[in-house]
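Open the model in your viewer and keep the sequence panel in sight. The stops below say what to select and what is there.

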Amino acid sequence: MTHQSRPTPCGAWRSPLDAATVAAHDGRVDHLGSVGEELWWTAARPEEGGRRALMRLRGDGGPAEVALPAPWDARNRLMEYGGTPWAGAPRSAGGPLIVFTHCGDQRLYLLEPDAPDAAPRPLTPVSDPGAGLRFADPVVRPGRGEVWCVLEEFTGPAPTDLRRVLVAVPLSGAAAEDRAALHELTDETHRFLTGPRPSPDGRLLAWIGWDHPRMPWDGTELKVARLDDDGTTGPPVTVAGGPEESIAQVEWGARGELLFSSDRTGWWNLYRAVLADGGGAGPPTPGPAEALRPAAEEFADALWKIGARWFAPMADGLVAVVHGRGDKRLGLLDPDRGVLTDAAGPWTEWAPALAVQGSRVTGIAASPVRGYELVQLDTATGHSRVVAARHRDAVPPAYLPTPLLRTFTGPDGREVHAHIYPPASPDHRPAGDELPPYVVWAHGGPTGRASMVLDLEIAYFTSRGIGVADVNYGGSTGYGRAYRDRLRGSWGRVDVEDCATVAAALAAEGTADPGRLAIRGGSAGGWTAAASLADPDRTAGVYACGAIRYPVLDPVGWAEGGTHDFESRYLDSLIGPFDEAQYRERSPLHHAERVTAPFLLLQGTDDAVCPPVQSERFLAALAGSAVPHRYLSFPGEGHGFRRAETIVRAVEAELALYRETFGIVADRSDTLETETR
């Protein structure tokens, strides 16, 4: 018998995808790397307090195993967003040698997983986990008995009182009780650094640095210094980069050449440079940089987390690359001929995490119907297969939306890219000529990007009859520097206008109900959502309500020490150099009285990026307002929600907001009553 859907009011559709299932699948695998014939990575554990487990896949093809059980948490808080938390080295006997950072105390630990006593041993001293020593993007150098990494060290009480250098940490544990045993490899010339990249012959060291007020996608410098036998670095030279050129990644090629990504043409493309020895103790001399395959597409992205890897050199001279316009796919680049061949398979988005083992390349990939999984490409055969974290359908695929890649025309004729997720269910269809409600999603960053991959949180709403429009507004990455520079000086305007453009277009074309449109976003997307509600003139009043998650609300507070160091000067480019009147004019907090639409505000109490004081001031500014609004704060949560119970409550509260605002009658067991202020 053919299954027949029945007409049901949109938003009231019953779905097998509940909030607990969304929470259980929240957080993808990350930080993939190889240790000899083994693969290691981190995996989210929402049901275990949001920790990240360190996973291991042995070279014998057996099942993946947890190498770091609870309560260990392989994360760090370098620059608050964290960086690569682990590294390893193979050994001829005794199994691999692994180092990792534990989020609970931010120390580096040594792990010998095959030893009789496999308990982690500390390598760095105890410090205040919120404002002490932090480490990230390690490189294990067993021949020297050290691990090299980025050190972030707080020097005072303010979030901007700190320094960052590259350091060598003894594997002996000598620094576990003695800060002085950390050997600093660089000085404090640059405020921000990526992890160290020693050359294959051990004679040179490369890294990337930049300074306030630039962000890494604005301008960085690729530095190279000589390495002496005792681990001392000579004076560095700048190989590429500058105030208006972003170098996002650097690696050494198979022939000792330097490979790096640069956006000097307006697109992050790959380049290589050969460095002359320099003679004696002199600095190396860089030759001219050669573009490997000039193209109007991106071979990198915004460097939010130290250690991201969009390309990986292979022993045969090929380079595995993650590239594209918008979404990223995996390819193999022949740097001598400029020929790029893409890997076959159903995966449409590859994360910046590549591991190379001989002729094999392993990455983290997903698609609109597959969650992120570990996929291995054998370059000798061209065959790809899933080796770990295999996708399993959480619900039948018929309950998942089929996304549409759309480009809309915004103000002044500018392009606005978006992914449209229509409602989908095998059991229900709109009743009569009803148009579905839609929620516009504004991604965080704002220098970031929404990827068109399976997201059960999106499916949670679309399977209930509520569409989602995920907007890559001006300022998003993936479309070249000119597109992301569109937001410079215009944050709270261009992003707000572009989101409203998509919402209005969907209504005008008969895709969405014009009276049932909402906006939601977190972090910088929370700013866009709040600014949209507080600026009804710019949005033409298109939104009936909004969901605001751990938002930026007060740029004045940000500029006056109200956020962490990494983004403390971000507003110089997003709004302009600090001018209190201008910042107040742009601020949702200082225009709270203009908010007339109901909203939900969600906030973690331990958020160091967008502290809860901003949300509290926003609520105070609305004291006495007749606007319906709800505030949920989550103790122990930081910037972004990790715990299963938090995710469940947040998702259910958001659904309740839409149903109540849009007048949708539904089974109350699917909603959540929340506190009202």
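Select Y438 and G467: G467 in β38 is the bridge partner of Y438. The model you are looking at is predicted. Now widen the selection to strand β37 (residues 438–442) and β38, which run parallel and are joined by five bridges.

Add helix α2 (residues 456–462) to the selection. Together, β37, α2 and β38 make a β-α-β unit, and the unit is right-handed.

Stay with strand β38 and select residues 467–472. How many of its residues are buried? Six of the six are, so β38 is largely enclosed by the rest of the structure. Colour its two sides separately to see the cover on both faces. On one side are G467, A469 and V471, and on the other are V468, D470 and N472; all of them are buried.

Which other strand is joined to β38? Select strand β35 (residues 415–421): five bridges join β35 to β38, and these two run antiparallel. To find the pairing on screen, pick H417, which stands opposite N472 in β38.

**A hairpin**

Next, select residues 247–252, which form strand β19. This strand is mostly covered, with six of its six residues buried. Add residues 258–262, strand β20; four bridges join β19 to β20, and the two run antiparallel. Within this pair, V250 stands opposite F260 in β20.

Now follow the chain through the turn. The hairpin of β19 and β20 has five residues between the strands. Among the residues of the hairpin, click G256, which takes a positive phi near 85°.

**An open sheet**

Select strands β6, β7, β8 and β9. They form an open sheet of four strands in the order β6-β7-β8-β9, with antiparallel pairing. Which strands are at the edges? The edge strands are β6 (86–89) and β9 (121–122), each of which pairs on one side only.

Look at the β9 end of this sheet. Strand β8 (residues 108–111) is joined to β9 by two bridges, and they run antiparallel. One pair to pick out is Y109 and P122: P122 in β9 is the bridge partner of Y109.

**A helix to check with a ruler**

Select residues 494–508, helix α4, and draw a distance between its end C-alpha atoms. What span should the 15 residues of α4 have at 1.5 Å a residue? They should span 21 Å, and the end C-alpha atoms are 20 Å apart, which agrees.

Show the side chains of α4 as well. Is the helix mostly covered or mostly open? Helix α4 is mostly covered, as twelve of its 15 residues are buried. The buried residues include V494, D495, V496, E497 and D498 at the start of the list, and L506 and A507 at its end. Move on past the helix to G510, which follows α4 and has a positive phi near 85°.

**Two single residues**

Select G307, in the loop between β24 (290–291) and β25 (311–313). Is G307 buried or partly exposed? Its relative accessible area is 22%, which is over the 20% limit for buried, so G307 counts as partly exposed. Not counting residues up to four places away in sequence, G307 touches T84, D137 and R197. Then draw a distance from G307 to A291: these residues are 16 apart along the chain, and their C-alpha atoms are separated by 23 Å.

Go to L601, in strand β41 (residues 599–604). This residue is buried, with a relative accessible area of 0%. Leaving aside neighbours within four places in sequence, L601 is in contact with I548, P551, S615, F618, L619, R630, Y631 and L632. A distance drawn from L601 to V237 gives 48 Å, C-alpha to C-alpha, for a pair 364 residues apart in sequence.

**The whole chain**

Finally, clear the selection and zoom out. The chain has eleven helices and 42 strands. Its radius of gyration is 25 Å, close to the 26 Å that the globule rule gives for 677 residues, so the chain is as compact as a globular protein of that length. The C-alpha trace spans about 80 × 65 × 50 Å along its principal axes.

Of the 677 residues, 61% count as buried. Switch on the surface to view what remains accessible: the chain exposes about 24,100 Å², and carbon and sulfur atoms supply 51% of that area. Among contacts with a separation of 6 or more, residues 24 or more positions apart account for 60%.

Methods:
Residues numbered from 1 in each chain as written. Predicted model: local features only at pLDDT ≥ 70, side-chain atom pairs only at ≥ 80, totals over all residues. Heavy atoms only, no water. Buried < 20%, exposed > 50% of the residue type's maximum accessible area, 1.4 Å probe, protein only. Pairing = 2+ DSSP bridges. Expected span 1.5 Å × (residues − 1). Rg over C-alpha atoms; globule rule 2.2 N^0.38 Å. Contact = heavy atoms within 4.5 Å. Areas by Shrake-Rupley, 256 points an atom, 1.4 Å probe, with all protein chains shown as cover. Right-handed = clockwise from strand over helix to strand, strands pointing away.
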